[in-house]
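This briefing is addressed to a reader with the sequence and the model at hand. The points below are grouped by topic.

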Protein chains: 2
Amino acid sequence: MSKGLPKRSEDYSLWYNELVKRADLAENSPVRGCMVIKPYGYSIWEKMQAQLDKMFKDTGHVNAYFPLFIPKSYLSKEASHVEGFAKECAVVTHYRLKNADDGSGVIVDPEAKLEEELIVRPTSETVIWSTYKNWIQSYRDLPLLVNQWANVVRWEMRTRLFLRTSEFLWQEGHTAHASKQEAIDETVLMMNVYAEFAETYMAVPVVRGVKSANERFAGAEDTYCIEAMMQDGKALQAGTSHFLGQNFAKAFDVKFATKEGGLDYVWGTSWGVSTRLMGALIMAHSDDNGLVLPPKLAPIHVVIVPIYKGEEELARISEKANEILSKLRAKGLSVKYDNRDTHKPGWKFAEYELKGVPLRIAMGPRDLENNTVELARRDTLTKETVNLGEVAIEDYVSNLLDTIQDTIYQKAFDFREQMTTEVNTWEEFESVLEEKGGFLSAHWDGTSETEEKIKELSKATIRCIPLNSKTEEGKCILTGKPSRQRVLFARAY
Amino acid sequence: MSKGLPKRSEDYSLWYNELVKRADLAENSPVRGCMVIKPYGYSIWEKMQAQLDKMFKDTGHVNAYFPLFIPKSYLSKEASHVEGFAKECAVVTHYRLKNADDGSGVIVDPEAKLEEELIVRPTSETVIWSTYKNWIQSYRDLPLLVNQWANVVRWEMRTRLFLRTSEFLWQEGHTAHASKQEAIDETVLMMNVYAEFAETYMAVPVVRGVKSANERFAGAEDTYCIEAMMQDGKALQAGTSHFLGQNFAKAFDVKFATKEGGLDYVWGTSWGVSTRLMGALIMAHSDDNGLVLPPKLAPIHVVIVPIYKGEEELARISEKANEILSKLRAKGLSVKYDNRDTHKPGWKFAEYELKGVPLRIAMGPRDLENNTVELARRDTLTKETVNLGEVAIEDYVSNLLDTIQDTIYQKAFDFREQMTTEVNTWEEFESVLEEKGGFLSAHWDGTSETEEKIKELSKATIRCIPLNSKTEEGKCILTGKPSRQRVLFARAY
């Protein structure tokens with residue numbers, strides 16, 4: 001780490017980009033809009049995946065894999081779906097290269113043109129429902145509770161690492177049900193799974209809600225979502241769960257014999273979270289020194305750094321350090337002992353702060369004498385000296401990591417609360433949005449036209465109609481028309 | 001399961017295709033050459049992935065993720081590499097669809113043509129080495145030991161589920177080293193990791209060897225491989241590990257400052273296994289009743305089937321069954337209790353045989369009386385009655401599963417040995433190949449021309465030059481020219 005990060009207060013956007021690169025999370029690739037997820041960043045994503053996968057399986061889902069390519073005609077079968085995705089589709093048109101006749105290198109072989117163009121999946125509803133047609137005959141085949149971990153492509157003109165990239169990694173659940181209510185229940189269940197993951201593991205508090213028609217998934221009847229607040233006052237959609245009604249069943253003619261002897265179209269849901277969560281994780285907690293990772297998703301929980309002069313001192317410190325390391329590992333913690341002689345302790349401190357390691361243990365000759373270690377918390381940047389004779393270090397560290405997890409969540413929660421403002425007039429809306437940002441809880445007349453107008457005027461969109469929003473008489477901030485419920489507006493990533 | 005599988009002896013190829021579909025492993029997708037991996041098939045792949053991933057990490061590797069797309073010019077930078085892959089590349093040429101002017105649906109927007117075509121990765125050496133250029137400056141940055149789990153596309157004209165599909169899932173390791181020897185050591189290490197995985201987990205014995213020049217990876221200096229023998233006497237390449245020399249470092253100008261103060265090109269390796277392993281697993285062990293899975297990769301180790309008349313009897317059996325189930329699960333085994341009343345025991349027996357569940361426990365009223373259960377092994381199709389008063393069922397079952405794992409391996413090993421024949425003349429070569437198949441251990445003059453000729457005449461290729469092959473004077477079976485080592489020929493998948 002040659003020099004400090006840009007400050008959040010000066011240039012939040014630059015701070016984010018630099019942090020992602022310097023903390024070895026990701027970088028831009030030679031391919032426009034696509035990213036390389038570097039090993040350290042990927043190790044965080046792997047922890048997210050493992051936990052989410054467990055939660056999906058605990059709720060009865062199984063994994064499968066469907067093709068990367070979608071025939072163009074399939075994408076077109078659901079009208080609003082193709083409308084929503086057509087503008088950002090990567091299209092495969094040929095299947096072979098050949099040497100150029102003039103010897104200038106390889107060119108696309110014009111004779112190897114596909115009869116029907118293939119779309120690189122932007123999402124897999126179409127190819128999956130075309131498959132479900134063969135899997136579902138009767139109510140006995142339902143529910144189908146399938147998830148897929150995959151890469152998808154949506155051609156983006158303006159990209160940002162993790163937040164918006166042309167290719168991203170995600171999971172997409174696709175379920176099929178015999179009744180409307182069961183499908184709605186599944187949609188809500190998965191929104192709640194996402195919310196629990198965001199809050200308990202990512203330490204990111206989220207608002208659970210429903211999207212307005214404008215922001216709904218292309219092909220869904222309802223989109224449930226979780227919305228998070230970033231440190232710059234912008235919102236970030238962290239996950240969506242769609243109730244598809246019978247739209248895709250109708251588009252792909254997926255009917256089932258009901259228990260009562262009839263024939264009906266199948267009810268569907270789909271739900272997904274992506275590597276965008278990495279962006280949310282980074283932006284929610286990190287500071288001007290670098291990443292702040294919640295212990296539950298940190299690849300390394302504790303780093304031990306020896307402070308020494310000469311080989312002999314290092315040997316004595318290492319003996320003690322290895323004892324501690326063994327105890328912590330036995331407790332299931334991921335611990336790194338950094339005894340490299342190529343870097344000074346100060347450099348290492350800064351490096352692990354940049355990388356967001358939740359807890360640092362430093363040990364010098366005086367610690368050896370006193371049977372102590374110095375514990376430094378990444379989240380609060382506070383230090384304390386712990387006497388090894390007085391505490392069982394593994395329990396102490398383990399409890400402290402729990403405290404850190406809670407503290408990070410609480411800090412983000414308090415910030416989110418502070419950044420949520422009830423506004424009742426257009427003037428208030430505009431001034432709060434400009435001066436403070438955050439979530440604006442406001443009345444809206446329920447029409448797409450008004451939402452569109454507000455977006456044009458302010459760049460703020462309705463993030464969601466919160467599920468816990470109480471009924472209340474009010475007037476739309478823009479039109480003054482009657483409204484019975486506040487919705488959450490914000491500028492968003 | 002409405003009717004039996006085709007018999008292996010009558011139509012091995014049809015048997016395989018039907019087995020893959022009926023055991024719910026995979027099916028063809030609406031997209032030509034691409035497959036859908038169904039949940040049961042995917043759950044086996046997940047077990048493979050988890051074990052391989054652990055073995056990669058235990059040998060010091062980390063995961064990362066690189067883009068799906070490769071600019072055409074990148075692919076062309078290594079001459080033999082593009083030569084090897086150009087004929088099977090899916091090419092992205094456009095990034096948008098639009099509504100046709102005549103209202104006939106969506107068409108590719110001709111105005112959204114990419115400046116440079118993108119290739120859907122057939123393998124990632126090029127995009128990864130272009131990235132490594134920025135990651136590697138000095139010997140201190142080496143070795144880089146990176147793996148990626150990903151999908152790749154190689155446009156195939158003739159496809160078969162798992163064995164050869166246009167899209168497949170795999171892992172690809174890409175490592176960079178400061179010295180030639182270290183890179184060679186890594187190449188050999190990973191071949192050995194693959195061999196250990198194949199033998200210990202898949203229960204598939206493999207020959208470790210080196211490819212001849214004809215069969216080498218496009219861009220490698222040497223390709224190490226593991227070769228397995230299928231029940232129809234054809235060989236299957238189960239994994240490859242490539243020593244890339246400095247080829248990709250030169251193509252992408254990746255140099256490093258050496259410890260001695262010089263500047264040198266980096267040495268590389270790459271290695272991969274894919275969902276093809278699923279094909280190997282299926283074909284190596286399964287029989288005319290269905291799948292035979294080695295316990296270490298079986299998603300369900302034990303199925304318990306109650307045999308009963310009436311609710312009351314089922315209740316009594318279930319009580320005992322649940323006791324056993326708890327004990328087995330506490331031992332870490334995956335157990336299913338199938339008490340569905342919609343299917344008869346005979347149907348269930350056939351179903352779990354088809355699915356390859358290693359062990360079946362049946363319990364009827366007489367078993368209750370006698371405090372026994374009936375254990376049926378999938379691999380040998382043998383049954384035994386076990387007295388629950390005499391053995392701890394969880395230990396008994398656990399040991400039996402180990403025995404099954406060993407038995408399956410030994411059976412495949414014996415078969416492989418029996419199917420390996422030393423031949424010394426062309427006549428012998430031809431007649432053994434026709435009448436028996438298998439591996440033919442024969443002398444070869446070492447030239448690509450002769451290998452090509454043999455392939456034309458017999459459809460057999462050199463699978464590998466086995467690493468344990470001893471030096472021995474001999475004469476090439478085709479040309480009679482001198483040879484100092486036998487190589488393994490076979491017809492192959």
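By class, the lining of the largest cavity in this predicted model comprises five nonpolar residues, one charged residue and no polar residues. The residues concerned are Y65(A), M35(B), I37(B), E167(B), F168(B) and L169(B). The charged member is E167(B), because Glu counts as charged, whereas Tyr, Met, Ile, Phe and Leu count as nonpolar.

**The cavity**

- The structure holds one cavity of 30 Å³ or more.
- The space in the largest cavity comes to about 30 Å³.
- Two elements of chain B, β2 (35–37) and β10 (167–177), each give two or more residues to the lining of the largest cavity.
- Of these, β10(B) provides the largest share of the lining, namely three residues.
- Chain A is represented in the lining by Y65(A), while the residues listed from chain B include M35(B) and I37(B).

**Relation of the two chains**

- A turn of 180° with a shift of 0.0 Å along the axis lays chain A on chain B, and the RMSD is 0.0 Å.
- This is therefore the relation of a two-fold axis.
- The same surface serves both copies, in that 100% of the contact residues of chain A recur in chain B.
- The residue of chain A that comes closest to the rotation axis is V92(A), whose C-alpha is at 2.1 Å.

**Build of chain A**

- Chain A contains 14 helices and 26 strands.
- Its C-alpha trace spans about 80 × 70 × 55 Å along the principal axes.
- Chain A has 493 residues, and buried residues make up 60% of them; a residue counts as buried when its relative accessible area is under 20%.
- Of the contacts in chain A between residues at least 6 apart in sequence, 68% join residues at least 24 apart.
- The area exposed by chain A is about 19,800 Å², of which carbon and sulfur atoms supply 47%.

**Cis peptide bonds**

- In chain A, the peptide bond from L142(A) to P143(A) is cis, with omega near -10°.
- P143(A) is situated in the loop between α5 (125–135) and β9 (144–153) of chain A.
- In chain B, L142(B) and P143(B) are joined by a cis peptide bond, with omega about -5°.
- P143(B) belongs to the loop between α5 (125–135) and β9 (144–153) of chain B.

**Positive phi in residues other than glycine**

- A203(B) is a residue other than glycine with a positive phi, near 60°.
- The loop that holds A203(B) runs between α6 (180–201) and β11 (207–210) of chain B.
- The relative accessible area of A203(B) is 0%, so this residue is buried.
- K459(B), likewise a residue other than glycine, has a positive phi near 65°.
- K459(B) is found in the loop between α14 (448–458) and β24 (461–466) of chain B.
- K459(B) counts as exposed because its relative accessibility is 67%, and the cut-off for an exposed residue is over 50%.
- Thus the two residues stand on opposite sides of the classification: A203(B) is buried, whereas K459(B) is exposed.

How values were computed:
Residues are numbered from 1 along each chain as its sequence is written. Chains are lettered from A and ligands numbered from 1 in the order in which they are written. This is a predicted model: local features need pLDDT of at least 70, side-chain atom pairs count only at pLDDT 80 or more; totals for chains, interfaces and linings use all residues. Side-chain values use heavy atoms; hydrogens and water are left out. Copies are superposed by least squares on the C-alpha atoms of residues with pLDDT of at least 70 in both. Contact means heavy atoms within 4.5 Å. On a 1 Å grid over the protein atoms alone, a cavity is a set of points where a 1.4 Å probe fits but cannot get out, and a pocket is an open set with protein on both sides within 12 Å along at least five of seven lines; lining residues have an atom within 4 Å of a point. Grid points are joined across faces, edges and corners, and a volume is the space filled by probe spheres set on the points. Helices (H or I, at least four residues) and strands (E, at least two) are DSSP runs, numbered from the N terminus. Buried means under 20% relative accessible area, exposed over 50%, partly exposed in between (1.4 Å probe, protein chains only). Accessible areas come from the Shrake-Rupley method with a 1.4 Å probe; for residues, only the protein chains shown count as cover.
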